[in-house]
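Here is a set of short exercises to work through with the model open beside you. Try each task before you read its solution.

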Amino acid sequence: MTTGQHRAAQPETDPPQDDEPLPTIAEQMADQLGGWRGLVESSIPVVVFVLANIIGELRPAVIASVGVALLIAGLRLAQRRPIRHAVNGLFGVGIGAAIAWRTGDERDFYLPGILYGIGYGIALLISAVVRQPLVGWIWSVLVAKGKSEWRADPKLVRTFTRLTVLWGVVWLAKVGVQAGLYLAHQDTALGVARLALGYPPYALLLLITVWTVRRVTREPQPTPLPGA
């Protein structure tokens, strides 16, 4: 037997690496939150509105918050940085500012966020009930590059269903606090709650989700019995 034939007969010991390794927890969180800069930039327009409204009147506060949001988006665009988070922030601020400007009521600045939060929380819980957990599909799009193999794994389906329920309950709880302050006309407290209940719970939920899914997917699979 020639050397070439001997090599050809050798079984392959290394399986093909088709799947790229998942990013680290820190990398996944940084991407979804936009890093520390994204966190700060998305909060600045709301902070500006809250402070300007306390110091002055509603309309200057609206103009200041929208102006700052536009400035942040423009700077990111000029620096060729991703503007997804800036655009999302600008969109949310713009709608709230338009409603508050029209009604003349400062608390209406926060109304779109409250309504969005209620809708999102209900959608999460419904998706868990019908066994199509929304967190699982979001994971497929944002982390798994469009792959949805988790649907064929009962353990992952259960994991994503529980995580989706957790997200829905937390989301409705935090928006419930804001809705209560809105109905009580506690405008300044509503602004503070909007900041405090914005990214901190979101970051914690994201950390729990990434850690849980990575732990489940890394658990060793049972070895099949010979001849099974």
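**Exercise 1. Classify Arg131 as buried, partly exposed or exposed, and describe its backbone.**

Step 1. This is a predicted model, and the place to look is the loop between helix 6 and helix 7, where Arg131 sits.
Step 2. The relative accessibility of Arg131 is 41%. Partly exposed covers the range between 20% and 50%, so Arg131 counts as partly exposed.
Step 3. Now turn to the backbone: Arg131 is not a glycine, yet its phi is positive, at about 60°. As background, most residues other than glycine have a negative phi.

**Exercise 2. Carry out the exercise for His185: where is it found, and how accessible is it?**

Step 1. His185 lies in the loop between helix 8 and helix 9 (187-196).
Step 2. Its phi is positive, about 60°, although His185 is not a glycine.
Step 3. With a relative accessible area of 48%, His185 is partly exposed.

**Exercise 3. Find out how helix 6 and helix 7 are oriented to each other, and which residues make the contact.**

Step 1. The two axes are 8 Å apart, and helix 6 packs against helix 7 at an angle of about 100°.
Step 2. Angles of 65 to 115 degrees count as roughly perpendicular, and helix 6 and helix 7 are therefore roughly perpendicular to each other.
Step 3. Helix 6 brings Tyr120, Leu124 and Ser127 to the contact, while helix 7 brings Leu134, Val135 and Ile138.
Step 4. Sorted by type, the residues of this contact are 5 nonpolar, 1 polar and no charged.

**Exercise 4. Do the analysis for helix 8 and helix 10.**

Step 1. The axes of helix 8 and helix 10 cross at roughly 170° and come within 11 Å.
Step 2. An angle over 145 degrees counts as roughly antiparallel, so this is the class of helix 8 and helix 10.
Step 3. Among the contact residues of helix 8 are Phe160, Leu163, Trp167 and Trp171, and those of helix 10 include Tyr202, Leu205, Leu206 and Thr209.
Step 4. The residues of this contact divide into 14 nonpolar, 4 polar and 2 charged.

**Exercise 5. Which residues of the largest nonpolar core touch the most other members, and which helices supply the core?**

Step 1. The largest nonpolar core has 18 residues, and those touching the most other members are Val135, Trp139, Phe160, Trp167 and Trp171.
Step 2. At least two residues of this core come from each of helix 6 (111-129), helix 7 (134-142), helix 8 and helix 10 (199-218).
Step 3. Take Trp167 for a look at the contacts: beyond its neighbours within four places in sequence, Trp167 is in contact with Tyr120, Leu124, Val135, Tyr202, Leu205, Leu206 and Thr209.
Step 4. Another core lies apart from this one; it has 15 residues, including Ala61, Val93, Ala100 and Val175.

**Exercise 6. Are Ser65, Leu115 and Arg102 buried or exposed?**

Step 1. Ser65 belongs to helix 4 (residues 58-78). Its relative accessible area is 0%, so Ser65 is buried.
Step 2. Not counting residues up to four places away in sequence, Ser65 touches Pro45, Val48, Phe49, Val93 and Phe109.
Step 3. Leu115, in helix 6, has a relative accessible area of 52% and is exposed. Its C-alpha atom is separated by 8.4 Å from that of Val175, and the two residues are 60 residues apart along the chain.
Step 4. Arg102, in helix 5 (residues 84-103), is exposed at 77% relative accessible area. The C-alpha atoms of Arg102 and Arg59, 43 residues apart along the chain, are separated by 9.9 Å.

**Exercise 7. What is the overall makeup of the chain, and where is pLDDT lowest among its elements?**

Step 1. The secondary structure comes to 10 helices and 0 strands. Of the 228 residues, 33% are buried.
Step 2. Among contacts with a separation of 6 or more, 70% join residues 24 or more positions apart.
Step 3. The mean pLDDT of the chain is 78, with 73% of residues at 70 or more.
Step 4. Helix 1 (residues 3-9) has the lowest mean pLDDT among the elements, 47, and helix 8 (residues 154-183) the highest, 95.
Step 5. Over residues 1-18 pLDDT stays under 50, and the model has 1 contact beyond four places in sequence for this stretch. Where pLDDT is low, the predicted coordinates should not be read in detail.

How values were computed
Residues numbered from 1 in each chain as written. Predicted model: local features only at pLDDT ≥ 70, side-chain atom pairs only at ≥ 80, totals over all residues. Heavy atoms only, no water. pLDDT = per-residue confidence, 0-100. Helix = DSSP H or I, 4+ residues; strand = E, 2+ residues; numbered from the N terminus. Contact = heavy atoms within 4.5 Å. Core = buried A, V, L, I, M, F, W, Y, C linked by side-chain atoms within 4.5 Å. Buried < 20%, exposed > 50% of the residue type's maximum accessible area, 1.4 Å probe, protein only. Axes fitted to C-alpha atoms, helices over the stretch in contact; angles between N-to-C directions. Parallel < 35°, antiparallel > 145°, perpendicular 65-115°, else oblique. Nonpolar A, V, L, I, M, F, W, Y, C, P; charged D, E, K, R; others polar.
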